[in-house]
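Got the viewer open with a cartoon view on? Here is a walk through the model, stop by stop, with what to select at each one.

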Amino acid sequence: MADEKMSLKAKARTTDFGSAGSRRLLRAGYIPAVIYGKQAPVHCAVGAKEFMMKMHTFTGSTLIALDVDGTEHRVFIKSFQENLLKGIVNHIDFYEVTAGVKVRAKVMIELVGTPNGVRNGGVLDQVLHEVDIECFPRDLPSVIQADVSALELNEGIRVSQLVVPETIKIHTPGDETVATVKPVKVEEAPAADDTADASADAATAAPSANA
């Protein structure tokens, strides 16, 4: 049984296409959607309430069990159109995977541990938040962890240092920086002589009260 959190229900859409039909679906509480990846696109309509509740748990690498009138499709969210002003999603594009065929997806990087350099006053800066990988659907990870606990000040970790199973190929260039530990920048206070000179200049420039 598919994970309830990683599943969606939809109904097939065979008529009433076009912008007018899409508006009618949206008013009825559904989001127009298309499933790509097989021989012909599959048009469907996803329940808006369910999708809005779950969308923040989906990433570009989340494999979703999409039930369309009883037929399950294993899909990723390829893209969706969101109306930020109204807080609604107007359209969803899904991509269906095929068992035994490798897929490419972007997977989030999760930093693990507290760097030694942070304990010594540094700041951890995550530069890269996701990597492009290729693998079979069954091997697709939800995240890729990067252990940064050994990093000292002015040290970093690169993509080539990420530890992943042999079943996963990373396409992101290995020399790209994932995270670094930087010293905290401290603004220097103005010298005492400079402060005195500035005060003197201000007093000279001020008009006399008796003028």
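**Stop 1: the open sheet.** Start with the four strands that run in the order β10-β7-β9-β12; they form an open sheet, and the pairing in it is mixed. Colour β10 (143-147) and β12 (169-170) first: these are the edge strands, each with a single partner strand, so each has one side left without a neighbour in the sheet. Keep in mind as you click around that this is a predicted model.

Now show β7 together with β10. The two strands pair in the parallel sense, over five bridges. For one of the places where they meet, pick M108, whose bridge partner in β10 is V143. With side chains switched on, remember that in a regular strand they alternate between the two faces of the sheet.

**Stop 2: the loops on either side of β10.** Go to R138, in the loop between β9 (130-135) and β10. Is R138 buried or exposed? R138 counts as exposed, at 67% relative accessibility. Add K102 to the selection and draw a distance between the C-alpha atoms: R138 and K102 are 36 residues apart along the chain, and the separation is 9.4 Å.

Then move past β10 to N154, which sits in the loop that leads to β11 (156-158). N154 is not a glycine, yet its phi is positive, about 65°. That is worth a second look, as most residues other than glycine have a negative phi. N154 is exposed, with a relative accessible area of 64%.

There is another residue like this to select: D69, in the loop between β4 (64-68) and β5. D69 also has a positive phi, of about 50°, without being a glycine. Its relative accessible area is 55%, and D69 is therefore exposed, the cut-off being over 50%.

**Stop 3: the largest pocket.** Next, select G60, F76, Y95, R104 and A105. Of the 15 residues lining the largest pocket, these are the closest to its centre. The space in this pocket comes to about 240 Å³.

Which elements give two or more residues to the lining? They are β5 (71-83), β6 (88-96) and β7 (103-112). You have met β7 already in the open sheet, and β7 gives the most to the pocket lining, with four residues. Colour the lining by class and you should see seven nonpolar, three polar and five charged residues.

**Stop 4: helix α1.** Jump back towards the start of the chain and select residues 18-27, which make up α1. Show G21, S22 and L25: these residues of α1 are buried. They cover an arc of only 100° around the axis, which puts them on the same side of the helix. The spacing is the familiar one: an α-helix has 3.6 residues a turn, so residues three or four places apart point the same way. Turn to the other side of α1 and you find S19 and R27, both exposed.

Zoom in on S22 for a moment. At 19% relative accessibility, S22 counts as buried, because the cut-off is under 20%. Leaving aside residues up to four places away in sequence, S22 touches R13 and P32.

What covers the buried residues of α1? The cover includes β1 (7-12), β2 (30-36) and β3 (42-47). On your way out of the helix, stop at G29, which follows α1 and has a positive phi, near 95°.

**Stop 5: the strands that cover α1.** Keep β1, β2 and β3 on screen. β1 and β3 pair in the antiparallel sense, over three bridges. β2 and β3 run antiparallel too, and six bridges join them. A good residue to centre on is V46 in β3: A10 stands opposite V46, and V46 is also the bridge partner of I31.

Follow β2 into β3 and you pass through a hairpin with five residues between the strands. In this hairpin, pick G37, which takes a positive phi near 115°.

**Last stop: the whole chain.** Zoom out. The chain has four helices and 13 strands. Colour by burial, and buried residues make up 31% of the 211 in the chain. Finally, bring up the contact map: among contacts between residues at least 6 apart in sequence, 64% join residues at least 24 apart.

Definitions and conventions:
Residues numbered from 1 in each chain as written. Predicted model: local features only at pLDDT ≥ 70, side-chain atom pairs only at ≥ 80, totals over all residues. Heavy atoms only, no water. 1 Å grid on protein atoms, 1.4 Å probe; cavity = no way out; pocket = protein on both sides within 12 Å on 5 of 7 lines; lining within 4 Å. Points joined across faces, edges and corners; volume = space filled by probe spheres on them. Nonpolar A, V, L, I, M, F, W, Y, C, P; charged D, E, K, R; others polar. Buried < 20%, exposed > 50% of the residue type's maximum accessible area, 1.4 Å probe, protein only. Arc of directions from axis to C-beta. Contact = heavy atoms within 4.5 Å. Pairing = 2+ DSSP bridges.
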